[in-house]
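Colleague: I should like to learn how to read the charged features of a structure. May we work through one together?

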Amino acid sequence: MNALPMVVPDATLPSEVMIWEVGARDGLQNESTIVPTAIKVEFIERLADAGLPVVEATSYVRPEWVPQLADAAEVMDSVQRRPGVRYPVLVPNVRGLERALEASVTDVAIFASATESFAHRNLNRGYDDQWEMFTPVADRAHAEGLAVRGYLSMCFGDPWEGAVEADRVVRSVRRLLDMGCESISLGDTIGVATPGQVTDLIGRLTAAGVPVAAIGVHFHDTYGQALANTLAALRAGVVTIDSSAGGLGGCPYAKSATGNLATEDLVYMLDGLGIRTGVDLDALVSTSAWMSDILGRPSPSRVVRARSHQGE
Ligand code: MG
């Protein structure tokens, strides 16, 4: 059974994709259960052992804001880092960056909003003011030789504003690139995008001079569209895909257990397309089955359920 899927390549798609694993950060940040530090460390190590090239590890936001990740320093001190694997951390400001530097990180991420409402909600400042907050962080990170990723939330829809104009997203991506971000993650934070919208937005970005190699996509499966949207992004030449092991994270803006695209569901599709990821699907499924036991609920990932007899 576990030899599935049958591999039938599609020559129009990239031959290799980099999966940016966000389960330990985005996933656990949005779970109601607070996971013990030692379990987080084991989780991160198992994800790297399963072949994931990028394992986003934690966030240096203030513990009052995200109590689930209050142990960022302890996690980064304890994780045995595998050579060749990157372990990015989120930093909201220079203070967070300084804490991350104490842990000798090589990759950081800042998180911006494409909309006014979410900038206020998530960053407590206006859309135009957020860039002032990030510029000193990006400057200092680059001076320290770190790579900086820019997350951009609400690229495809906003729960308070509804539709989000593509031009606004293009403008926001430009701001992040001008700040020196090497890569941008386009977030469908509420999981409402459909494939035509993905094709259109990526087309507009590349037409505006954004290199497709700098674009990553961060889809949520709230409305069951994440894999279809991923395929649209692959067709447009995107080769960095964010996902969360076991689909951890839920959706903070909808009453849904299904939020982040599950890494297993992504790997299954990419394996079937003959697209190289370096990920061992069985090792990943057993890691997510273990984590779902710890969280005390079945994984929302269809592949984890199919392969580990969960949710029967
Ligand atoms: Mg997410």
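Colleague: To begin with one residue, is Lys40 buried or exposed?

Modeller: This is a predicted model, in which local features need pLDDT of at least 70, side-chain atom pairs count only at pLDDT 80 or more, and totals for chains, interfaces and linings use all residues. Residues are numbered from 1 along each chain as its sequence is written, and side-chain values use heavy atoms, with hydrogens and water left out. Buried means under 20% relative accessible area, exposed over 50%, and partly exposed in between (1.4 Å probe, protein chains only). Lys40 has a relative accessible area of 3%, so this residue is buried.

Colleague: With which residue does Lys40 form a salt bridge?

Modeller: A salt bridge requires a side-chain nitrogen of Lys or Arg within 4 Å of a carboxyl oxygen of Asp or Glu. Lys40 meets Asp71 in this way, at 2.8 Å from N to O. The two lie 31 residues apart, with Lys40 in helix H2 and Asp71 in the loop between strand S3 (58-59) and helix H3 (72-78). Helices (H or I, at least four residues) and strands (E, at least two) are DSSP runs, numbered from the N terminus. Asp71 is buried as well, at 10%.

Colleague: How many salt bridges are there by this rule?

Modeller: The count is 16. One of them joins Arg297 to Glu31, with the closest N and O atoms 2.5 Å apart. This pair links parts of the chain 266 residues apart. Arg297 is partly exposed at 26%, whereas Glu31 is buried at 6%. In addition, Glu98, Arg140 and Glu144 are linked in a network of salt bridges.

Colleague: Which residues coordinate the magnesium ion?

Modeller: Donors are N, O and S atoms within 2.8 Å of the metal (3.2 Å for Na, K and Ca); water is not among the atoms, so sites may look incomplete. Here the donors are Asp26 (OD), His218 (NE2), His220 (NE2) and Asn260 (OD1), at 2.0 to 2.2 Å. Asp26 in helix H1 (residues 23-29) and His218 in strand S8 (residues 215-218) are 192 residues apart. Asp26 is buried at 7% relative accessibility, and His218 is likewise buried, at 7%.

Colleague: Why does His218 count as buried?

Modeller: The relative accessibility of His218 is 7%, and buried means under 20%.
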